[in-house]
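User: Please take a close look at one part of this structure, the salt bridges and what they join. Then set the pockets beside them.

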Amino acid sequence: MRIAIVGASGAVGQEFLRVLAERNFPIDELLLFGSERSAGSVYNFKGKDITVKLLQHNDDFKDVDIVFTSAGAGTSKEFEHTITKHGAVMIDNSSAFRMDNDVPLVVPEVNPEDALNRPRNVIANPNCTTIQMVVALKAIENLSHIKRVHVSTYQAASGAGAVAMDELVEQYKQIIEGKEVTVEKFAYQLAYNIIPQVDVFTENGYTKEEMKMYNETRKIMHSDIEVSATCVRVPVMRAHSESVWVETERPISVEEAREAFANAEGVVLMDDSANKVYPMPLHLAGEDPVYVGRIRKDISNPNGLTFWCVSDQIKKGAALNAVQIAEYLVNVK
């Protein structure tokens with residue numbers, strides 16, 4: 001297997017390297033690509049140093065089997081044909097192709113078979129907030145069809161990349177030292193603050209991030225599910241949290257829900273309120289699963305259920321999900 005990573009120097013690109021090594025993905029040769037700024041950088045993978053090549057419109061992807069791309073939507077759109085023209089499967093982590101009808105949008109725990117129908121040889125990795133939610137929702141959907149979801153997200157700085165994480169650390173340092181706070185990556189200071197905006201606003205008052213959760217969830221689950229989201233940036237380094245309310249066609253008991261989550265693929269049940277056991281990003285950054293807790297009946301609706309979930313959005317919300325897609329493709333050959 002010849003595997004390539006485009007955007008190798010970014011936060012997700014670096015996570016690809018870690019995840020591929022952790023999961024011992026079958027690789028005979030690994031190629032790394034990047035921009036002019038990152039070309040020439042050297043990264044170690046399983047004891048071997050690999051130099052990042054400049055991404056160009058040439059035949060560098062000939063005989064490559066799978067390409068993981070995480071260099072932004074513009075780059076993905078520009079280089080789609082260059083990457084796929086010789087038969088490579090492009091698993092794209094940007095928003096470039098997610099809602100294209102001829103590009104499958106895949107979360108392996110939910111709709112892995114969609115990855116097999118890829119007319120353009122492109123598979124889209126969903127948005128991080130959508131991924132962790134649908135992994136959890138699948139457990140409930142298996143019990144009763146979900147009619148609607150209300151979700152509030154608590155999104156870590158890392159969702160905006162490595163530079164955003166650095167800015168958050170620097171802001172706390174500047175505050176402690178009594179210096180003027182640097183604000184570049186976010187609309188406002190994130191340290192000691194929360195910002196009720198992730199991405200830009202659309203005409204209906206929702207942000208693009210919030211609309212992604214609506215549109216992507218329906219596509220992944222092949223469902224008429226209605227989703228209303230409020231996405232919030234919080235001063236956490238890694239791992240997104242979500243407060244999720246679902247309305248199902250029939251009432252689901254807390255006991256049913258717990259059993260479903262406990263047996264769900266990719267989910268870890270962490271629900272013992274009496275002993276203050278529930279998922280928190282501080283303890284779960286760097287982990288693979290989606291953690292679910294605070295499971296309750298909605299006291300205002302007999303068909304309502306609420307829960308809290310946490311997952312590392314760089315890992316499961318990006319690199320890990322993409323690698324799991326690749327593993328599925330390899331295993332079904």
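Analyst: In this predicted model, R98 and E216 form a salt bridge, with 3.5 Å between the closest N and O atoms. R98 sits in the loop between β7 and β8 and E216 in helix α5, so the contact ties together parts that are 118 residues apart in sequence. R98 has a relative accessibility of 6%, and because buried means under 20%, R98 counts as buried. E216, at 2%, is also classed as buried.

The loop between β7 (89–92) and β8 (122–124) also holds R120, which pairs with E80 of helix α2, so parts 40 residues apart in sequence are tied together. The R120 and E80 side chains meet at 3.0 Å, N to O. R120 is partly exposed, with a relative accessible area of 23%, whereas E80 counts as buried at 15%.

K179 and E177 form another salt bridge, their closest N and O atoms being 3.0 Å apart. K179 is exposed at 53% relative accessible area, and E177 is partly exposed at 41%. Elsewhere, E22, R23, D288, K315 and E327 are joined into one network by salt bridges that share partners. In total, the structure holds 23 salt bridges.

Now the pockets. The largest has a volume of about 1300 Å³. Its lining is made up of 48 residues, and S70, G72, G159, A160 and G161 are those nearest its centre. Two or more lining residues come from each of α1 (11–22), α2 (73–84), α4 (162–176), α5 (208–221) and α8 (315–332). Helices α2 and α5 thus appear here as well; E80 lies in α2 and E216 in α5. By class, this lining has 19 nonpolar, 22 polar and seven charged residues.

The second largest pocket has a volume of about 150 Å³. It is lined by 13 residues, with E109, E265, G266, K316 and Q324 nearest its centre. Helix α8 gives the largest share of this lining, five residues, and α8 is also among the elements that give two or more residues to the lining of the largest pocket. The lining of the second largest pocket divides into six nonpolar, two polar and five charged residues.

Key. Residues are numbered from 1 along each chain as its sequence is written. This is a predicted model: local features need pLDDT of at least 70, side-chain atom pairs count only at pLDDT 80 or more; totals for chains, interfaces and linings use all residues. Side-chain values use heavy atoms; hydrogens and water are left out. On a 1 Å grid over the protein atoms alone, a cavity is a set of points where a 1.4 Å probe fits but cannot get out, and a pocket is an open set with protein on both sides within 12 Å along at least five of seven lines; lining residues have an atom within 4 Å of a point. Grid points are joined across faces, edges and corners, and a volume is the space filled by probe spheres set on the points. Helices (H or I, at least four residues) and strands (E, at least two) are DSSP runs, numbered from the N terminus. Ala, Val, Leu, Ile, Met, Phe, Trp, Tyr, Cys and Pro count as nonpolar, Asp, Glu, Lys and Arg as charged, and the others, Gly among them, as polar. A salt bridge is a side-chain nitrogen of Lys or Arg within 4 Å of a carboxyl oxygen of Asp or Glu. Buried means under 20% relative accessible area, exposed over 50%, partly exposed in between (1.4 Å probe, protein chains only).
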